[in-house]
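Reader: Could you walk me through this one? I would like to see how the labels are earned.

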Amino acid sequence: MTVTYLVIPLFFIALILFVSWPLLSEVEAPKEPAPAVQASKRKKG
Amino acid sequence: MIEFGHYSLVFAWAMSLFAIAALWFSRRRPTALRKSGYRAVVASFILIATASLALLVLLVRHDFRVEYVAAYTSRDLPLTYVLTAFWGGQSGSLLLWTLLLAVFAVIVLVQNRNKHEDSLPYVAAVIVGVQHFFLSVILFAANPFETLQQVPLDGRGLNPLLQNFFMVIHPPFLYLGYVAFTVPFAFAIASLALKKRDAEWTTLSRRWTLVSWIFLTAGILLGAYWAYIELGWGGYWAWDPVENASLMPWLAATAYLHSVMVEQREGIFKRWNFALMFLTFELCIFGTFLTRSGIVSSVHAFADSNMGPLFLTFIGTSAALSLVLLLSRREETSGERAMTSLISRESAFFLVNLLFLALTLAVMWGTMYPAFASAANGEKVSISAPFFNRTTWPLALAVLLLIALGPWLKWRNVDLLALRRVLIVPGLAALATAAVLLVAGIRQPIALAFFTAAAFVIVSLLVDIVRNSRSEARSSDTNVVSGFAQQVWTRKRHYGAVLAHLGVAVAFIGILGSSSFSHEYDLHLKKGQRVSFAKREAELVDFAEHREVNKDVVYARIRLFEQGRVLGEVRPEKHFHFKFEQPQTEIAVSSSLARDLYVVLLGWEDDGSVTVRINENPLIAFLWLGGLMILAGSVYVLFRSSKTAAVAPKVEARAEETVEEVKA
């Protein structure tokens, strides 16, 4: 019974993670522009 | 397990809401949000599947704490029916609906992955939107995980009428049909939302439409067959509101299947096709609603419930939104050209469309009138078979005639002289059929008209097959049989349709034969004594009873004779289920292509004599045969390989040319 009560929330949490993963990994991506963009910005500047 | 099932549904509800929002806000460009939206579609499928599995486990475990399990199963119910009780009741059947839709949503995502990136968010959002509505109905009006205050020792059991193989498979087939129409509907909405001018949505959803139609057809036929062998009144179609509820979307979808070909070939009927697809979808939802609302009385409607307003709001809103969308895209949906000739293939298709639409409206009016009358002045009216027969026969007859003309009408313009020439043989065959029937003493005008029309259709289609086979044989220097085989292989779409249309004519022979010439005989039989009826005899061989797990069975073994020789033995039964007061009649049938002898055990005396009713249903086997031909033909159209798809128009054009040559 205890195992069931553990597994069920884990199942729901796993699904939430699965769905939100693309959003989470996007947040983790580097915020700084790519080097090429930086270079072009520098030129303009 | 109860909580697990319930919360899976709650999570699925939230997940599908998130999917709709994510797909809507990411509709313009592919972002992480869109990806997350797609994942939410998959996750809601997993959750709905989990809830369904939980319900199945509860059913198998006889967990009578759950109201649904207690209401539709019992400890003595065989396992097959315990499992099929999943869709035996209101809330379970809604869960099956939602599960199927969730499966389809995932299939659509997988099929179109990395393709159609502009329209897929819309398609997925519409499907999940419908899914969200059904989850709302389940959670707020018909929850299969509702528990009871007092737990009974045993459940009420499944209605004995539903304990039948065909009832096991009929609802899933029907639901597959109903549910799958959501997919082409979603493609249509996506196309309008994106202001597309082409007919891409029709090609993308072609298989979905066909598959839905095939399942709906199979579901209706299985339901009719179940009614025939289980309800014991000798017929298969009673124009019951729930039967009509499945017929209406079928009629609208049939119209769509025909008119969409005109759009793909000629670029016309665009707006019309959108409208037909919307109508089909709304009628599918309406059918689901009609069965559950309790607004019409029917032998197999679910009990009264409070979900009527929910369904009506959904139907009203979705129909209004789709219509507004269609009207706002007037320019994009205008035809590429106008219809040029009144007598042409496209005008025939248009006429077929109008006829199917008229049939749909007639059935709808007959089904809904009692509800309207009751709402208007409290009057109790029931509309029975004569109304439906009177209104649908003429329209159906016109459809049959158009099927016969179909193969001979060319696109854009028809050479009337050539048309007259090719119709001589089918016309003569039809006249000959009418003459033979008149000589045989058949005077019923409707039967005469339909048999004649059926002969016209069959011969017309056979002439088409022979001509095409001959021209193929000539062009590829082979014999007619190989020519025929080659044609059947290369022109799958055409020959699938030919087989389905032949099936329609054959089915009408069955419908008319059984409805116009059936006879009913009530016989009192004593053991060892032969009793005559309609040039046949019946003899009671044995009358006995025995006890089974959940019922007492009383049966009579009856031997039937025709012209002195034994036709066979039948065993009609009466079942007395321990859990149900009403005894149930199990009919027995002695079947042949020419007629069915349908035997019902009416009663018995203390001296061991029995009373049986024998219905003679001529030609009814043709209905089932025709139904199978329609299904087989449609499935054949479906298995059209992409290779033949590419060459088919050319082959068809060549075939048309050769037919022209032959005509000349």
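**How the labels are earned**

Author: Gladly, and please keep in mind that this is a predicted model. A good place to begin is strand 8 of chain B, which pairs with strand 9 (residues 595-604) of chain B in the antiparallel sense over 4 bridges.

Reader: What makes strand 8 and strand 9 of chain B a pair?

Author: Two strands pair if there are at least two bridges between them. Strand 8 and strand 9 of chain B have 4 bridges, so they count as a pair by that cut-off. Within these strands, B:Val589 stands opposite B:Tyr598.

Reader: Which strands form the open sheet, and in what order?

Author: In chain B, 4 strands form the open sheet in the order 1-10-9-8, with antiparallel pairing.

Reader: Why do strand 1 and strand 8 of chain B stand at the edges?

Author: Strand 1 (519-525) and strand 8 (588-591) of chain B each have a single partner strand, so one side of each is left without a neighbour in the sheet. On average, neighbouring strands of this sheet are turned by 25° against each other, direction ignored.

Reader: How do you know that helix 11 of chain B is mostly covered?

Author: A residue is buried if 20 or more other C-beta atoms lie within 10 Å of its own. In helix 11 of chain B, 22 of the 26 residues are buried, and the helix is therefore called mostly covered. B:Gly267, with a positive phi near 75°, follows helix 11.

How values were computed:
Residues are numbered from 1 along each chain as its sequence is written. Chains are lettered from A and ligands numbered from 1 in the order in which they are written. This is a predicted model: local features need pLDDT of at least 70, side-chain atom pairs count only at pLDDT 80 or more; totals for chains, interfaces and linings use all residues. Helices (H or I, at least four residues) and strands (E, at least two) are DSSP runs, numbered from the N terminus. Axes are lines fitted to C-alpha atoms, for helices over the stretch in contact, and angles run from 0 to 180 degrees between N-to-C directions. A residue is buried if 20 or more other C-beta atoms lie within 10 Å of its own, exposed if 12 or fewer, and partly exposed in between; C-beta atoms are placed from the backbone.
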